[in-house]
Amino acid sequence: MLSSQEIISTYNKYVIGNYTRYPVAIVRGEKAEVWDAEGRRYIDFFPGWGCGLLGHCPQPIVEAVQKQVARLIHVPNTWYTEQQGEWAKKLSERSFGGQAFFCNSGAEANEAAIKLVRLHSPKGKYKIITFQGSFHGRTMGAVSATAQPKYHTGLEPLLAGFTYVPYGDINAVQNAIDDETAAIMIEPIQGEGGVRTPPEGFLQTLRQLCDSHKLLLIFDEVQTGCGRTGNWFAYQYYNVEPDIMTLAKAVAGGLAGAAMLARREVAPSLRPGMHASTYGGNPIAAAAGIATIDMIEKENLLQNATKIGELFISTLKEFKNETDLIQEIRGCGVMIGIELAAEGTQYVKACMDNGLLINCTHNNVLRLLPPMNLDEKTATEGLEILIDALRK
Ligand SMILES: *Cc1c(COP(=O)(O)O)cnc(C)c1O
């Protein structure tokens, strides 16, 4: 087997350097743990950048994929497969009863949503209101929807038709609506923007505005969906339903897979010939997606996500009392943000040196997206490493 150094030097020569990578080559994962090429163990509180909601190599997903891969890997969307329909049914039944379009990534799901808005809206209406601090992906449409200038530098001109307003500011939304506005697009809880939860009543008021102005409401649940927050979808906490919802990251149990769900009144506007994705809803992703939902239900993982999330929050809040470093702790289920009074990267590195993988976003927010099937013992072990690093 290659050493970390050998693996890294091949990258440096042949892989484009568009990511900032830590000098660790990971070779194996199991549940909330990974091992590097030298056999060093890390607890992973950020598996797969949110894709590993069931941890590394969850057994039911591995089995479903192994079975499917030997039977049928891919057929194009000019035919029917049992798995894609079943996957759509399961997602629809657990959300708002809509229909699904399948693709392979969060950005791609959001592109589908943007197209659906334009296809469905009356002529002349095409603008979408999005929120500062949002993250919707890296393709040109999705990055144009993303209201963070740092992701735009050098890419202009962006796709026209997005209006950015401050997150949580209902007056700003109201003022931004004009005759050309077609939709509002929002993450119910902002992930990349620092795990920001919406102010009381905000999502409900957005729904009312959409109803009175005949706009479509899009929830980007790429990060918050599929059980991350202890509900199937984050919007279910706020008692509002979107017209369109996008899912990716954890939706296929850690494999590449994504979906856009749309209400039945809206979905048919995505008519034949107007949109497609070659690998979208392929039998392997679909088998993994079905197995993901089954596993979450069989193992009561929504409840476990809530329980483990509470353990994280209470442990961290206790520590907050003894330090000025932590400004705020936010979260819902196994989606936790720790806002610091200092730059966060140094703490990510300190944790890594002590065998814990976490993430920092928005400069000063440590983001934890631990698996929803995390056990208390591993949670406590990881939290001790984290708190130790924050103490120093
Ligand atoms: C990660 C993310 C995306 C982009 O997903 P990709 O699969 O990387 O294209 C979009 N929206 C949100 C909320 C995300 O967290």
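**Worked exercises: sheets and salt bridges**

Helix H10 (residues 345–353) lies across S12, S14 and S15, and its direction makes about 175° with that of S14. Helices (H or I, at least four residues) and strands (E, at least two) are DSSP runs, numbered from the N terminus. Axes are lines fitted to C-alpha atoms, for helices over the stretch in contact (heavy atoms within 4.5 Å), and angles between N-to-C directions run from 0 to 180 degrees.

The model is predicted, so local features need pLDDT of at least 70 and side-chain atom pairs pLDDT 80 or more, while totals for chains, interfaces and linings use all residues. Residues count from 1 along each chain as its sequence is written, and side-chain values use heavy atoms, with hydrogens and water left out.

**Exercise: the sheet under H10**

Work out the strand order of the 4-stranded sheet and find its edges.

Start with the order: this open sheet reads S11-S12-S15-S14, with antiparallel pairing; two strands pair if DSSP finds at least two bridges between them. Now the ends: S11 (326–332) and S14 (359–361) each have a single partner strand, so one side of each has no neighbour in the sheet. From one strand to the next, the twist averages 25°. Then zoom in on S14 and S15 (residues 365–368): they run antiparallel and share 3 bridges. Asn-359, for one, has Arg-367 in S15 as its bridge partner. Finally, add helix H9 (residues 301–320), which packs on the sheet by touching S11, S12 (335–340) and S15, at about 170° to S11.

**Exercise: the 7-stranded sheet**

Trace this sheet from edge to edge and say which helix lies across its strands.

Go along the open sheet: S4-S10-S9-S8-S7-S5-S6, with mixed pairing. The edges are S4 (99–103) and S6 (162–165), each pairing on one side only. Twist here averages 20° from one strand to the next. For a parallel pair, look at S5 (residues 127–131) and S7 (residues 181–186), joined by 3 bridges; Lys-127 has Thr-181 in S7 as its bridge partner. Helix H4 (residues 106–120) lies across S4, S5, S6, S7, S8 (216–220), S9 (244–247) and S10 (258–262), running at about 25° to S10.

**Exercise: salt bridges**

Take the pairs of Arg-94, Lys-127 and Arg-207, and place each partner in the chain.

Set the rule: a side-chain nitrogen of Lys or Arg within 4 Å of a carboxyl oxygen of Asp or Glu. That gives 19 salt bridges.

Arg-94 meets Glu-297 at 2.6 Å, N to O. Arg-94 is in helix H3 (residues 82–94) and Glu-297 in helix H8 (residues 283–298), so the pair ties together parts 203 residues apart in sequence. Arg-94 counts as buried at 16% relative accessibility, and Glu-297 as partly exposed at 36%; the cut-offs are under 20% for buried and over 50% for exposed, with partly exposed in between (1.4 Å probe, protein chains only).

Lys-127 pairs with Asp-178, the closest N and O atoms being 2.7 Å apart. Lys-127 sits in S5 and Asp-178 in the loop between helix H6 (170–176) and S7, 51 residues apart.

Arg-207 and Asp-243 come to 3.1 Å between their closest N and O atoms. Arg-207 belongs to helix H7 (residues 202–213) and Asp-243 to the loop between S8 and S9, so parts 36 residues apart in sequence are tied together. Both residues are buried. To finish, put them in context: Arg-207, Asp-211, Asp-243, Arg-263 and Glu-265 are linked in a network of salt bridges.
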